[in-house]
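Q: Can you walk me through this model and say what each label rests on?

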Amino acid sequence: MPKFFIKTYGCQMNERDSEEVAHSLVARGYEQVGHESEADVVLLNTCSVRDMADQKALGKMGMLGQVAKERPHVVFGFLGCMAQARGESLLKGLPHVDLVVGTQKFHRVADYVDELLTTKAARQAGITDAGYGRMDDPRLSIVDVAEEPGSQSAIRHQQLTARQATAFVSIMQGCNMHCAFCIVPQTRGAERSRSLSEIVSEVRDLVSRGVKEVTLLGQIVNLYGRHEFPKIDNKSPFVQLLEAVHDVQGLERLRFTSPHPIGFSDDLIDAIARLPKLAEHVHLPLQSGSNKVLKAMHRAYTAEKYTDLIARIRRARHGIAITTDIIVGFPGETEDDYRQTRELVRQIQFDNAFVFRYSPRSGTSAANIPNQIDELVKEERNHDLLEIVNKSNRRILERLVGSEVEVLCHGPSKTNPARLMGRTRTNKIVVFPPSPRRLYDNPSAGQWGPREGAGDELVGELLNVRIERANGFSLYGTLPPE
Ligand code: SF4
């Protein structure tokens, strides 16, 4: 059967969409491979949030043109946000591209791939009837970037690995917010939510297959269902969903990302206080500490409201970790505006933050604001803010040294497969050996070293790990003696 390779750019929602595509291809007997050189189908699931993400995917597809010359039967496709934004124009400069599929059509990818492989094989075999055309005919390509009602419910199958501790569940698609810098409303469309029962049944299925932690995903996850479902007992549809997922037997931890400060209401803060499976971590995008810039960004809150919200979240759950996203160099951001952001970041002491230099995206309102900021200034502000964020991150990690924390074991560490890696409830990465005993193949003979698969049985387990040191963004620890 044909082999396929998918490379994913961008956010967790894209990762989740790629899993859905992988599942649909595997269900038809295709085999997933880890490198494009082995594949008969090469798919790039793209991101459009920043110009650099676009350029990376375009550059990668450009390089694959050489593979197309050597292996003309291979199908090449763009999926996702950039495919949605650019559509058919992607075929122009890249003659080997056969497939362009937008964000509402991931469930059609397997059909399209089947069709293209058949067509290419027939044309290579010189079959010119049955509509296949001749090899020297203009290319047959497929472009589908149309809207499709109900497409939010199509992302529901999970391609799990053998032992998988944690999984993402897409609960909604799209966004109606229209932040001035963001292309998402154009690439992902208007907000559409899945039904609560569908989501709960997906979570039940995941848990029955060994998953212990789920993260509910949406562009503005806390506004889930606001157009489709009513409030009940003054609880928003999102809080109703949290409660229903929380009740799934066997689920140990529940997370969600990313909420918007707007709509982060009292019922959600109350849920954080009373639902014990909700892990102690909220990622809450700030974007700027200047009210003038927030207004220009069309972010309908102030720095004061954001600070107050963080204080209420921290009061609701002791020790909760707060991370954020911040954009520096938004058009018109003065030194004084930046100073306000810097001051707010210093004051809040985030556990971590993604700091982005503003990147104009055509099709967004901010791209047309005349007062764009010089790249060097953006770079300086980015660097300066990261130093502040890294300091608070280090301080918070250092405080954990010497303590014992609950870690959900995810599997071997990527940088050192002889060790295991997991996450705390506050979402900190912890690296630890599978236990001193398991490190030895044959201790009595003095042979030591990690044996292959050491610690496999710990994947998906909640373990108490003693933290011995903090380094960079990770903690290092050991399991207590057996
Ligand atoms: S809330 Fe704003 S930044 Fe987030 S996806 Fe919607 S438009 Fe983009």
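The turns below set computed values against the cut-offs behind the labels.

Q: What kind of model is this?
A: It is a predicted model.

Q: What makes a residue part of the shell around the ligand?
A: The test is a heavy atom within 4 Å of the ligand. The residues around the ligand include Cys175, Met177, His178, Cys179, Gln219, His260 and Arg299.

Q: How do you know which classes make up that shell?
A: Each residue is sorted by class, with Cys and Pro counted as nonpolar. The shell has eight nonpolar, three polar and one charged residues.

Q: Why are strand 12 and strand 14 called edge strands?
A: The open sheet runs in the order 12-13-14, with parallel pairing. Strand 12 (281–283) and strand 14 (352–357) each have a single partner strand, so one side of each has no neighbour in the sheet. From one strand to the next, the twist averages 10 degrees.

Q: How do you know that strand 13 and strand 14 pair?
A: Pairing needs at least two bridges. Strand 13 (residues 321–328) and strand 14 have six, in the parallel sense. Across from isoleucine 326 is valine 355 in strand 14.

Q: What makes helix 12 a partner of the sheet, and how is it directed?
A: Contact means heavy atoms within 4.5 Å. Helix 12 (residues 375–400) touches strand 13 and strand 14, and its direction makes about 175 degrees with that of strand 14. On a scale from 0 to 180 degrees between N-to-C directions, that value of about 175 degrees is set by the two directions.

Q: Why is strand 16 called largely enclosed?
A: Buried means under 20% relative accessible area. Four of the five residues of strand 16 (residues 420–424) are buried, so the rest of the structure largely encloses this strand.

Q: What makes strand 15 and strand 17 partners of strand 16?
A: The threshold is again at least two bridges. Strand 15 (residues 404–412) and strand 16 have five, antiparallel. Glycine 411 has methionine 421 of strand 16 as its bridge partner. Strand 16 and strand 17 (residues 429–432) have four, also antiparallel. Here arginine 423 faces isoleucine 429 in strand 17. The hairpin of strand 16 and strand 17 has four residues between the strands, and asparagine 427 takes a positive phi near 75 degrees.

Q: What makes a set of residues a nonpolar core?
A: Its members are buried and joined through side-chain atoms within 4.5 Å. The largest such core has 61 residues; among those with the most contacts inside it are Val214, Leu216 and Phe238. A second, separate core of 24 residues includes Val33, Ala39, Leu64 and Phe78.

Conventions
Residues are numbered from 1 along each chain as its sequence is written. This is a predicted model: local features need pLDDT of at least 70, side-chain atom pairs count only at pLDDT 80 or more; totals for chains, interfaces and linings use all residues. Side-chain values use heavy atoms; hydrogens and water are left out. Buried means under 20% relative accessible area, exposed over 50%, partly exposed in between (1.4 Å probe, protein chains only).
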